[in-house]
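This report describes a sheet with the helices that pack on it, and then turns to the salt bridges. The sequence and the structure are shown first.

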Amino acid sequence: MALNLIMLGAPGAGKGTQAVRLARARRIPHVSTGAILREEVAADTAIGRIAREQMARGDLVDDGVMLGIVEERLSRPDAREGFVLDGFPRTVAQAEALDGFMVGRPPLIVVDIAAPEEELIRRLASRRICGACGRDATPLDGARGRAATRCSRCGGPIVQRTDDDVEVVRERLKVYQRQTAPLVEYYQDRPTFRAIDGMPAPEQVAAAIVRAVDDVQQQRAANSGDRP
Ligand code: AMP
């Protein structure tokens, strides 16, 4: 059954980690709007030039730009069997537009990953990525307990994301509260909405997400007479 899933949650809640795992397990694309924007900035495209400063300040990039990116990405053939969207929607206007893109497709499953603010700040302060391919650095990137310096996939340098700087993180958390947290209210009455505790270890959070997705799909199948 096709799986159209969005991960909600504050920066640092674990959306990216969980989205990668789930997309790999279900063999559907992981669509991270933050990663797409970082590529546009790195390649100095027209979109990258619009987004650069807003991202550096921790602000959101304009809805119009984001809708163009997402509509194009979800219309590609590899997204026909579904997708895991990570970092989109982030505003009610984006959520409304996404509902429009979903007409004629299986309904969105919405997973909201929550964690307390101190934990988000702690995680973002220690997060590192590959400066070349943009992938999150994992413990595998550091040998025998030493901090990683090179990406295990492409050999690129391991760096801190510039917007994980503590001042920018504070701004991103404020922006999240103001613009993105209202999405929980937007979605929470849908039968396809599930709240997930983001505090346990990543494996446990992943298992909780799989259970939530199975549960939603079984309910849908039961209601429609389809098979899961
Ligand atoms: P992320 O990697 O999801 O934390 O995104 C990094 C940055 O990209 C955010 O702080 C925003 O500046 C921008 N961004 C990513 N997704 C969106 C979105 N859906 N709407 C607006 N800005 C976004």
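## The sheet

In this predicted model, 5 strands form an open sheet in the order 2-3-1-4-7, and their pairing is parallel. Strand 2 (30-32) and strand 7 are the edge strands, each of them pairing on one side only. From one strand to the next, the twist averages 20°. As a general matter, the strands of a sheet pair through backbone hydrogen bonds, in either a parallel or an antiparallel sense.

## Strand 3 and its neighbours

Strand 3 (residues 82-86) pairs with strand 1 (residues 3-8) in the parallel sense, over 5 bridges. Within this pairing, Leu-3 stands opposite Gly-82 of strand 3, and Ile-6 has Leu-85 of strand 3 as its bridge partner. Strand 3 also pairs in the parallel sense with strand 2, here over 3 bridges, and in strand 3 it is Asp-86 that stands opposite Ser-32.

How many of the residues of strand 3 are buried? The strand is mostly covered, with 5 of its 5 residues buried. The cover extends to both faces, since Gly-82, Val-84 and Asp-86 on one side are buried, as are Phe-83 and Leu-85 on the other. Gly-82, the residue opposite Leu-3, and Asp-86, the residue opposite Ser-32, thus belong to one side of the strand, whereas Leu-85, the bridge partner of Ile-6, belongs to the other.

## Helices on the sheet

Helix 2 (residues 33-42) packs on the sheet, where it touches strand 2 and strand 3, and its direction makes about 60° with that of strand 2. Helix 9 (residues 202-224) lies across strand 1, strand 4 (109-114) and strand 7, and runs at about 165° to strand 7.

## Salt bridges

The structure holds 15 salt bridges. One of them joins Asp-59 to Arg-57, with the closest N and O atoms 3.0 Å apart. Both partners count as partly exposed, because their relative accessible areas, 26% for Asp-59 and 45% for Arg-57, fall between the limits of 20% for buried and 50% for exposed.

Which parts of the chain does the pair of Asp-99 and Arg-190 link? This salt bridge, whose closest N and O atoms are 2.7 Å apart, links distant parts of the chain, for Asp-99 lies in helix 5 (residues 92-101) and Arg-190 lies in the loop between helix 8 (182-187) and strand 7 (193-197), 91 residues apart. Arg-190 is partly exposed, with a relative accessible area of 26%.

## A pair within helix 7, and a network

Glu-171 and Lys-174 meet through their side chains in a salt bridge, at 4.0 Å from N to O. Both residues lie in helix 7 (residues 166-180), where they are 3 residues apart, which is about one turn of the helix. Glu-171 is partly exposed, with a relative accessible area of 23%. In addition to such pairs, there are salt bridges that share partners, and these join Arg-127, Arg-161, Asp-163, Asp-164 and Arg-172 into one network.

Key: Residues numbered from 1 in each chain as written. Predicted model: local features only at pLDDT ≥ 70, side-chain atom pairs only at ≥ 80, totals over all residues. Heavy atoms only, no water. Buried < 20%, exposed > 50% of the residue type's maximum accessible area, 1.4 Å probe, protein only. Helix = DSSP H or I, 4+ residues; strand = E, 2+ residues; numbered from the N terminus. Pairing = 2+ DSSP bridges. Axes fitted to C-alpha atoms, helices over the stretch in contact; angles between N-to-C directions. Contact = heavy atoms within 4.5 Å.
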